[in-house]
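Colleague: I'm new to this structure and would rather get to know one part properly than skim the whole thing. Please pick a single chain and walk me through it slowly.

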Amino acid sequence: MANASLDTLRRTVLGMLVPALVLVIWQVAGSRPGMAGILPTPMLVLEGWHGWIFGSPGMGLNPYLGSWVSNVQYSSMRVAQGFFLAALIGVPLGLLIGWSRLVQQLFDPLIQSLRPIPITAWLPFSIALFGIRDMGAIFLIFLGGFYAIVVNTTQGARDVERNLVRAALMMGASRKQLLYRVVLPAAMPSIFTGLRIGLGISWTAVIVSEMVAVKSGLGYVLWDAYYVGRMDIVLADMVSIGIMGFLSDRLIVFIESKVLVWRMLQSH
Amino acid sequence: MSHISIDKLYKTYPGATPVKALEDINLQVAPGELVALLGPSGCGKSTLLNLIAGFEQPSQGQLLVDAQAVRAPGPDRGVVFQEAALFPWLTVWENVIFGPKVQGMARSEYEDRAHEMIKIVGLSDFKNHLPVQLSGGMRQRVGIARILTLGSRVLLMDEPFGALDAQTRLTMQELLLTVWQKLKPTIIFVTHDIDEAIFLASSIYVMSARPGRIQTKITVPLARPRTVADTASETFASLKLDILNLIRH
C-alpha cells in the first residue's frame, strides 16, 4: 500500500516537473523588458483572464471585461451545431457506404476527392456563400467533423465480422435488420473514434472561422485581442480553447463508456 | 425420404488459378441422423457446410433440404460456428432470442422455449452475462441454445469444439449427445478430430483434400446412448485405427 501511494506521489511530482519549469521560464522571460507586448507573464495572464471572466462590462475602455462566458457559449454552440449536423449525416452515410456497394460507388469518389482540400481552404467560399454569419462558421465545422466521422464509420461498417452477418442471416434477419441490429452496433467503436477525431477538428474549424467569418466567439476574441495588443487575453483565450476541447472530448468518452460497456469489458 | 440430399455437387472458386474446393459430392442424410464430416484442413468440409447453410452457392449440382433447393441461409438450418459468433453487445438472453425477435414473433411465443433451451445447455444463471464474460465452452453453449430456440431441424456445426480444452470438449460432446437424444434434430458435424467423429456420429464421411471429395462412408457400430466408456472400447480403438490408415493411405 505504502509503495503504491509512494509510486503515485513520485509520478505526480515527475509529471509536474517539466510544466512547472516551463512556467518558471515563462515568468522570467516575460518579466524581461521588451517582452511586455509579446509575452505577458503567467500572473498577468491570470489577471487578464480573471477580468475577462468576472469583470463587469461597460467599465472603462476594456472591451473584454466579463465577456468570457458568452464567448465560450458562442463557440461551443457553433461547435455543437456543426458537429451534431456532421454526426447526423456522417454516421448513417458512413454505414451505408460501408454496407452497400451501390451507395459506396455513388458517394465514395466524391468524398475521397473533396477530402484532401483542407477545411481552411473552404473559408472564402463559405463566406461568399453564407456571408459573415453563423452559417459560414457552422458549415466549416460541419465539414471538418464530417470527413472524420464518415470515413471511420465506413471503415467500421466494412470490418464487421463475416460470421456475425452470417449468424444474423441464418436466424432470419432481413437486410434492414442486419444494418441496424448488426452493422451499426459492430461499427460503434469505429463511430466513436470518428466522433472524437471529428470533434477535435470541429474546434480547429470554429476558431479559424470565427477569426474571419463572424464577430463573436473565442476565435474572434483571439484575433481581435492580438490586433489591440492584449496578449494576456490571447494567451488566456488559447488556454480556454484547450480546456473546452478537452472537456468536450471527455464528454464523448463518457458517453462511449456508457454505450460500449461490452467493448470496455473486452479490453480488460 | 432423406432430409438433406446432395447430388453431384461441385464448388470451384474462380480466379487466375481456379480452386476446386469440392468435386462430385454425393450425400444423403436421413431425418434425425447425426453425421460427421471428417478430414484434414483444406478438404472442403467447411465449404460443404457453408453450401448447405446457404452462405455460398454451389457451382454445379443439386443441394436439397426438405426437398427444396437451398438458395439462402434461413432458420430451418441453424449453424454453430467455430468461434460461436455471438453478438458481443448482447447478453446471453438477448443472443438466444435474437432469431425469434427478428422474425417478428411475440415474446410469449418464444420466451418459455428460450428459457428451456438455456436450461438444457446449463446457463440459467448466466442470462444477463455478456459473451465476453463467458469462457469458450460457455459461449458455444449459448451458440447451441440459440439455434435450439430458433427451432432449426437441421444443425450445422463447424468444428464447434475445436478451440476448447480436452476436458471442456468432452463435456460439450456429451451435452450435444443429450440434446440430440432429446430433440432428434438432423446434425451435420464438421471436425478434424477422429475421436470426436466416432464418439458423436452414426455415419462418418471421410473427406480428402485438393480437390475436396468424399472418400468413404463409415458406419459407426457403437450403440446409443453412448458414454465416455465407449471411447475406451475395443470397437472404438479398431475403428480409429481403420480411419487413421485410411487418411494416411
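Modeller: What follows is a close look at chain B, from its overall form to its sheet, a hairpin and the side that touches chain A.

Some ground rules before we start. This is a predicted model, in which local features need pLDDT of at least 70 and side-chain atom pairs count only at pLDDT 80 or more, while totals for chains, interfaces and linings use all residues. Residues are numbered from 1 along each chain as its sequence is written, and chains are lettered from A and ligands numbered from 1 in the order in which they are written.

Let's begin with the whole chain. Chain B has 8 helices and 10 strands; these are DSSP runs numbered from the N terminus, H or I over at least four residues for a helix and E over at least two for a strand. Its C-alpha trace spans about 50 × 45 × 35 Å along the principal axes. A compact globule of 249 residues would have a radius of gyration near 18 Å, and chain B agrees with that, at 18 Å. That radius is taken over C-alpha atoms, and the globule rule is 2.2 Å times the number of residues to the power 0.38.

How much of chain B counts as buried? The share is 43% of its 249 residues, where buried means that 20 or more other C-beta atoms, placed from the backbone, lie within 10 Å of a residue's own. Contacts (C-beta atoms, placed from the backbone, within 7 Å) also reach far along the sequence: of those in chain B with a separation of 6 or more, 69% join residues 24 or more positions apart.

Now for the sheet. In chain B, 6 strands line up as β6-β7-β8-β3-β9-β10 in an open sheet with mixed pairing; two strands pair if DSSP finds at least two bridges between them. At the edges stand β6 (77-80) and β10 (213-219) of chain B, each with a single partner strand, so one side of each has no neighbour in the sheet. From one strand to the next the twist averages 20°. At the β6 end, β6(B) runs parallel to strand β7 (residues 154-158) of chain B over 4 bridges, and Arg77(B) has Val154(B) of β7(B) as its bridge partner.

There is other strand pairing to look at as well. Strand β1 (residues 4-13) of chain B pairs antiparallel with strand β4 (residues 60-65) of chain B over 5 bridges, with Ile4(B) bridged to Val65(B) in β4(B). β4(B) also pairs antiparallel with strand β5 (residues 68-69) of chain B, this time over 2 bridges, and there Leu64(B) is partnered by Ala69(B). The hairpin of β4(B) and β5(B) has 2 residues between the strands, and Asp66(B) takes a positive phi near 55° in it.

Finally, the side facing the other chain. Here 21 residues of chain B are in contact with 15 residues of chain A. The elements of chain B that give two or more residues to this side are β6 and α3 (98-102), with α3(B) providing the largest share, 3 residues. By type, the side of chain B that touches chain A divides into 15 nonpolar, 5 polar and 1 charged. For that split, Ala, Val, Leu, Ile, Met, Phe, Trp, Tyr, Cys and Pro count as nonpolar, Asp, Glu, Lys and Arg as charged, and the others, Gly among them, as polar. Keep an eye on β6 when you look around: this strand is at an edge of the sheet and also gives residues to the side that touches chain A.

Note on methods: Axes are lines fitted to C-alpha atoms, for helices over the stretch in contact, and angles run from 0 to 180 degrees between N-to-C directions. Two residues are in contact if their C-beta atoms, placed from the backbone, lie within 7 Å. A residue is buried if 20 or more other C-beta atoms lie within 10 Å of its own, exposed if 12 or fewer, and partly exposed in between; C-beta atoms are placed from the backbone.
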